[in-house]
Amino acid sequence: MLSNKCQGCPPIEIITQDRDNKEARKTSIDSFVSRNEPHKVTVIFAEANFIRHCDHCRQLFTDKFQMPELWWTDWCKRSNGYFGCEEMVDEKGETEAHSTWLRFLIKHCSDNPTKGYFWYKLNIFTRWEYSTKSTTILVFDPKPAVRAHLAEKLFDSRKGLDAEDPYWPHCILAEEAVHLQDDAVWSIRTFVRNLEKNRPSRQNLVPNYADRHELARHAIHVLETLELGTKTINDMIIQHDRLQRGTDTAHHRQISRQLQFLHHTMRSLYCRSDSNKERLLNENQLAFHVMAQFDSEMSVEIGHAAQSDSAAMKTIAVLTLIFLPATFVSAIFSTSFFNFDAGSGDWGMSDKFWMFWAVSIPITLVTVAMWLLWHKFFPQKLIGEEDLRARRRATQLDSLHHAALVELAKKGGEKDVGKMV
Ligand SMILES: [Zn+2]
């Protein structure tokens, strides 16, 4: 049931073209639907995010253009790409209109891949009327650059005025998607190439793993959207061929050739993107291996130092062990507690001998206690400890950075593509 009131949708922008006239204006959805003006080419820029939540306007759009209800669903909104079409026939079975709906999703990184990114969405619905050869193209939520480009491209020739083929706008839309994907792929490629030129070395031992993984995430998304983009153009070709079967004309063949070429171009970008992802994986593996090699070399050095220390200590311990009993015995017998009479050959011992133990045992305990305290408050510096601390600091900073990026990605993802971050 149609709701009576719009819930505050922004006005839509309409550009129309006829044989002698081209005009652009902004108007409300109600006003546009009620006027019912036939034009050869009509391009409408609208905000689907508002209309989707406004029962009144959504129903107006659905009825006016016979859009499928599922187009407004959340799963269609969150989709990373699709193509669908429908042919309307009259009571006699003759073709009345041909509608298509398609979505391209393209991810662009900013100059620094860890600092930001944004999504381009080509969310299009087209309807071609067989009797009048007129075309209506709905462009939902375009970014300003895409909007300006499409407004120019869709009118830069007169091919839409007498279009006998409902797929004439699809060449322009697919070309726009290829153009945007080309920028996305080559921007990732530039980052990957820079990593290849600045590989980790002994002078640059701490690769920024968080940045590398963020870049890898973008590369995976670009590859994913390219795969869907290739499929989308391929589906266009299939449906176009089915529609034109039996009515082969030069115009149809030309559109087929253009779509084939764009499909091939998108496919080549897919291959390049796949190569970027593999190259990035290769660089990340190298970074891991270099770090593992450094750690291994450090362990070997520590082992050698420990082995050398151990050998020296063993020698000292053996020498001490040899002389210690004799030294102890000599020291005790040379004290005045014992007296040797050379004339009689008798040994005498003082009855104060207990004093020796009363003094030496506490001194020994105090010495051992001081040694323990010294090692506790002034621990020996270990080999490689400074490098280890530097890496731990870098890891902690990376973790904080990563947490901030996750938070940023969640906010951006909710705004742009739902849960896809
Ligand atoms: Zn509304």
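A residue is called buried if 20 or more other C-beta atoms lie within 10 Å of its own, exposed if 12 or fewer, and partly exposed in between, with C-beta atoms placed from the backbone. Keep that at hand for the exercises below.

The structure is a predicted model, in which local features need pLDDT of at least 70, side-chain atom pairs count only at pLDDT 80 or more, and totals for chains, interfaces and linings use all residues. Residues are numbered from 1 along each chain as its sequence is written.

**Exercise 1. Work out whether Asp 141 and Gln 66 are buried, exposed or partly exposed, and look at their phi angles.**

Step 1. Find Asp 141 in the loop between β7 and α5 (144–153). Helices (H or I, at least four residues) and strands (E, at least two) are DSSP runs, numbered from the N terminus.

Step 2. Count the neighbours: Asp 141 has 18 C-beta neighbours inside 10 Å, so it counts as partly exposed.

Step 3. Check the backbone: the phi of Asp 141 is positive, about 50°, although the residue is not a glycine.

Step 4. Repeat for Gln 66, which sits in the loop between α3 (55–65) and α4 (74–77). With 13 C-beta neighbours inside 10 Å, Gln 66 counts as partly exposed. Its phi is also a positive value, near 50°, in a residue other than glycine.

**Exercise 2. Trace the order of the seven strands in the open sheet, and say which strands stand at its edges.**

Step 1. Use the pairing rule: two strands pair if DSSP finds at least two bridges between them.

Step 2. Read off the order, β2-β1-β3-β7-β6-β5-β4, with mixed pairing.

Step 3. Look at the ends: β2 (22–27) and β4 (81–89) each have a single partner strand, so one side of each is left without a neighbour in the sheet.

Step 4. Add the twist: neighbouring strands are turned by 15° against each other on average, direction ignored. Here axes are lines fitted to C-alpha atoms, for helices over the stretch in contact, and angles run from 0 to 180 degrees between N-to-C directions.

**Exercise 3. Describe how β3 is joined to its partners and how its faces are covered.**

Step 1. Take the β7 side: β3 (residues 41–46) and β7 (residues 134–140) run parallel and are joined by six bridges. Val 43 has Ile 137 as its bridge partner in β7, and Ile 44 is partnered there by Leu 138.

Step 2. Take the β1 side: five bridges join β3 to β1 (residues 12–17), and these strands run antiparallel. Here Val 43 is the bridge partner of Ile 15.

Step 3. Check the faces: Val 41, Val 43 and Phe 45 on one side are all buried, as are Thr 42, Ile 44 and Ala 46 on the other. Six of the six residues of β3 are buried, so the strand is largely enclosed by the rest of the structure.

**Exercise 4. Compare the span of α7 with the expected one, and see what follows the helix.**

Step 1. Apply the rule: the expected span is 1.5 Å times one less than the number of residues.

Step 2. For the 36 residues of α7 this gives 52 Å, which agrees with the 53 Å between its end C-alpha atoms.

Step 3. Move on to Gly 246, which follows α7 and has a positive phi near 90°.

**Exercise 5. Find where Pro 166 lies and what it touches.**

Step 1. Place Pro 166 in the loop between α5 and α6.

Step 2. With 26 C-beta neighbours inside 10 Å, Pro 166 counts as buried.

Step 3. Pro 166 touches His 98 and Trp 128, not counting residues up to four places away in sequence. A contact means that two C-beta atoms, placed from the backbone, lie within 7 Å.

Step 4. For a long-range check, the C-alpha atoms of Pro 166 and Arg 391 are separated by 61 Å, with these positions 225 residues apart along the chain.

**Exercise 6. Judge the overall dimensions of the protein.**

Step 1. Begin with its ten helices and nine strands. The radius of gyration is 40 Å, well over the 22 Å of the globule rule for 421 residues, so the protein is more spread out than a compact globule. The radius is taken over C-alpha atoms, and the rule is 2.2 Å times the number of residues to the power 0.38.

Step 2. Along the principal axes, the C-alpha atoms fill a box of roughly 150 × 45 × 35 Å.

Step 3. Finish with burial: 26% of the 421 residues are buried.
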